[in-house]
Amino acid sequence: MKKVAVIMGSDSDLPVVTKAIDALRKYGVGYEVHVYSAHRTPAEAGAFAENAAENGFGVIIAAAGKAAHLAGALAARTVLPVIGIPIKSSALDGLDALLSTVQMPSGMPVATVAIDGAENAGILAVQILAVSDDALRARLESARKENTAKILAKDAEISAKFQ
Ligand code: RP5
């Protein structure tokens, strides 16, 4: 199975990014975690993206805050799918990072999740790999059913409370 690369712009992003790593672990997907910045270590970030496909990665997750160019900078160097996580790490509460990550020019997509939406980034990476992996898809389907059952149990509880 292909691995997922989890790249963050700073180690200060890790508390949020951990939720993406947890999702990859939950589904048994292999991963590597790195700190590379589009601005502070542009050469290393670019080289990682350029070599990612031949190094066995199938998806890249890129988390960054403020003027968040990391996901776009990585996407510019690879045709692997890149998922961007805008991190809430500034006076603008992540809106700056959201716009910097999501507003990519045509021809250079970044699949952007919500501000601090790391869990969804992890799940989306698993879904991308599951397109060509039936066992992984079965795990996703089973987790979806468990989630549905949990929500319906909450519905029953709340609805009973207000009868
Ligand atoms: C961004 O700047 C990082 O992704 C982080 O969210 C933010 C702050 O970085 P530090 O100053 O904490 O290293 O590049």
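**Two domains and two pockets**

Colleague: How many residues of domain 1 are in contact with how many residues of domain 2?

Modeller: Keep in mind that this is a predicted model. The chain is divided into domain 1, covering 3-132, and domain 2, covering 134-163. Where they touch, the count is 10 residues of domain 1 in contact with 7 residues of domain 2.

Colleague: And how far apart do the C-alpha centres of the two domains lie?

Modeller: Take domain 1 (3-132) on one side and domain 2 (134-163) on the other. Their C-alpha centres lie apart by 28 Å.

Colleague: Let's turn to pockets. What volume does the largest pocket have?

Modeller: Start with who lines it: 16 residues do, and Lys26, Tyr27, Ile123, Ala143 and Arg144 lie nearest the centre. The volume of this largest pocket is about 340 Å³.

Colleague: Which element gives the largest share of that pocket's lining?

Modeller: Helix H1 (14-26), helix H5 (118-130) and helix H6 (134-161) are the elements giving two or more residues to the lining of the largest pocket. The lining also draws at least three residues from each of the two domains. The largest share, 8 residues, comes from H6.

Colleague: How many charged residues does the lining of the largest pocket have?

Modeller: Sort the lining by class and you get 5 nonpolar and 2 polar residues. The charged residues there number 9.

Colleague: What about the second largest pocket: how many of its lining residues are polar?

Modeller: This one has a volume of about 290 Å³. It is lined by 16 residues, with Gly9, Ser10, Arg40, Gly65 and Lys66 nearest its centre. Of the lining, 5 residues are nonpolar and 3 charged, while the polar ones number 8.

Colleague: Serine 10 is in that list. Is serine 10 buried or exposed?

Modeller: You'll find serine 10 in the loop between strand E1 (3-8) and H1. Its relative accessibility is 16%, and the cut-off for buried is under 20%. So serine 10 counts as buried.

Colleague: Which side chain makes a polar contact of 2.9 Å with the side chain of serine 10?

Modeller: There are two side chains to look at. At 3.4 Å, the side chain of serine 10 makes a polar contact with that of aspartate 11. The 2.9 Å contact is with the side chain of serine 12.

Colleague: And leaving aside neighbours within four places in sequence, which residues is serine 10 in contact with?

Modeller: Skip those sequence neighbours, and what serine 10 touches is Val35 and Arg40.

Colleague: Lysine 66 lies by that pocket's centre too. What is its phi?

Modeller: Lysine 66 is found in the loop between strand E3 (57-65) and helix H3 (70-75). Its relative accessible area is 49%, so it counts as partly exposed. Although lysine 66 is not a glycine, its phi is positive, at about 60°.

Colleague: What relative accessible area does aspartate 116 have?

Modeller: Aspartate 116 sits in the loop between strand E5 (111-112) and H5. It is not a glycine, yet it has a positive phi of about 60°. It is partly exposed, and its relative accessible area is 27%.

Colleague: Last one: what distance separates the C-alpha atoms of glutamate 146 and tyrosine 36?

Modeller: Glutamate 146 lies in helix H6, and with a relative accessible area of 49% it is partly exposed. Tyrosine 36 is 110 residues away along the chain. The C-alpha atoms of these two are separated by 36 Å.

Notes. Residues are numbered from 1 along each chain as its sequence is written. This is a predicted model: local features need pLDDT of at least 70, side-chain atom pairs count only at pLDDT 80 or more; totals for chains, interfaces and linings use all residues. Side-chain values use heavy atoms; hydrogens and water are left out. On a 1 Å grid over the protein atoms alone, a cavity is a set of points where a 1.4 Å probe fits but cannot get out, and a pocket is an open set with protein on both sides within 12 Å along at least five of seven lines; lining residues have an atom within 4 Å of a point. Grid points are joined across faces, edges and corners, and a volume is the space filled by probe spheres set on the points. Helices (H or I, at least four residues) and strands (E, at least two) are DSSP runs, numbered from the N terminus. Ala, Val, Leu, Ile, Met, Phe, Trp, Tyr, Cys and Pro count as nonpolar, Asp, Glu, Lys and Arg as charged, and the others, Gly among them, as polar. Domain bounds come from an automatic or database domain assignment. Buried means under 20% relative accessible area, exposed over 50%, partly exposed in between (1.4 Å probe, protein chains only). A polar contact is a pair of N or O atoms within 3.5 Å; within protein, one must be able to donate a hydrogen and the other to accept it, and residues adjacent in sequence count only if both atoms are side-chain atoms. Contact means heavy atoms within 4.5 Å.
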